[in-house]
Amino acid sequence: MFRIKGLLECMGRLDRRLIDLKAKYQLARTNGDHVTFELLRQQIRAREKQLLPIYTQIATEFAELPDTSLRMAAKGVIREVVDWGNSRCFFYKRLHRRVVEGLLIKTVIEASGDQLSFQSAIDMIKKWFLDSEVAEGREKDAWEDDEVFFTWKDDPNNYGEKLQELRAEQVKLQLSSIADSPLDLRALPQSLAALLNKVEPSSRAQLVDELRKVLS
């Protein structure tokens, strides 16, 4: 009701014919000319009824203007306007990207021993990606290209070594904490023996060789 009242007031201020009709209406009312007064009242109502759909459409478009896709893109609220015909494919890729990205973030956080925050893991993955050959020459927009991201993600060689470095750092921190405790150090040989007994024979031999290199 308030909305329609506001539109009627707006018409009365802007429409020249309504302004003239209302001026005559007030004059007839002042003079006590009831016949002219009633006739003018009907003409005013008819004019308002005629203008109401136009003013409603204008008011609606004006109210929605800040939320139109083109306006939001111009303001940087959204990155781009998606064509309706391609929207299904576009948002499928976006969703798939988010799922794949989320799984990789989880892997990175686990590799760090939960030492990284969600945002830190994203930043680290993005740096790995932008430093790779896949993104070379496209540092500004490659990260937003889902196809380029999938090409990078589908090849573990692009980040496998980075994950291994994170795991090594995690184990190093754990061992550093053992070094601070004489009791833990005393229990270390027994713990290593138990660890070696759980490892597959082929992997055990390789691990023993690596430990010998370190100890020598």
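1. For the purposes of this note, a helix is a DSSP run of H or I with at least four residues, and helices are numbered from the N terminus. The model is a predicted one, and the points below concern its largest pocket and a nonpolar patch on its surface.

2. With about 440 Å² of accessible area together, Leu192, Leu195, Leu207, Leu211 and Leu215 make up a nonpolar patch on the surface. Two elements, α9 and α10, each contribute two or more residues to this patch, and the largest share, three residues, is that of α10.

3. The largest pocket has a volume of about 490 Å³, and its lining consists of 14 residues, those nearest the centre being Leu175, Leu192, Leu207, Leu211 and Val214. By class, the lining comprises eleven nonpolar residues, one polar residue and two charged residues.

4. Three helices, α8 (160–179), α9 (182–198) and α10 (201–215), provide at least two lining residues each, although it is α10 that gives the most to the lining of the largest pocket, with seven residues.

5. Leu211 deserves a separate comment, since this residue of helix α10 is listed among those nearest the centre of the largest pocket and is also a member of the nonpolar patch. How does Leu211 count, given a relative accessibility of 33%? Leu211 is classed as partly exposed, because 33% falls between the limit of 20% for buried residues and the limit of 50% for exposed ones.

How values were computed: Residues are numbered from 1 along each chain as its sequence is written. This is a predicted model: local features need pLDDT of at least 70, side-chain atom pairs count only at pLDDT 80 or more; totals for chains, interfaces and linings use all residues. Side-chain values use heavy atoms; hydrogens and water are left out. On a 1 Å grid over the protein atoms alone, a cavity is a set of points where a 1.4 Å probe fits but cannot get out, and a pocket is an open set with protein on both sides within 12 Å along at least five of seven lines; lining residues have an atom within 4 Å of a point. Grid points are joined across faces, edges and corners, and a volume is the space filled by probe spheres set on the points. Ala, Val, Leu, Ile, Met, Phe, Trp, Tyr, Cys and Pro count as nonpolar, Asp, Glu, Lys and Arg as charged, and the others, Gly among them, as polar. Patches are made of residues with over 30% relative accessible area and no salt bridge: like charges are joined within 9 Å, nonpolar side chains (Val, Leu, Ile, Met, Phe, Trp, Tyr) within 5 Å. Accessible areas come from the Shrake-Rupley method with a 1.4 Å probe; for residues, only the protein chains shown count as cover. A salt bridge is a side-chain nitrogen of Lys or Arg within 4 Å of a carboxyl oxygen of Asp or Glu. Buried means under 20% relative accessible area, exposed over 50%, partly exposed in between (1.4 Å probe, protein chains only).
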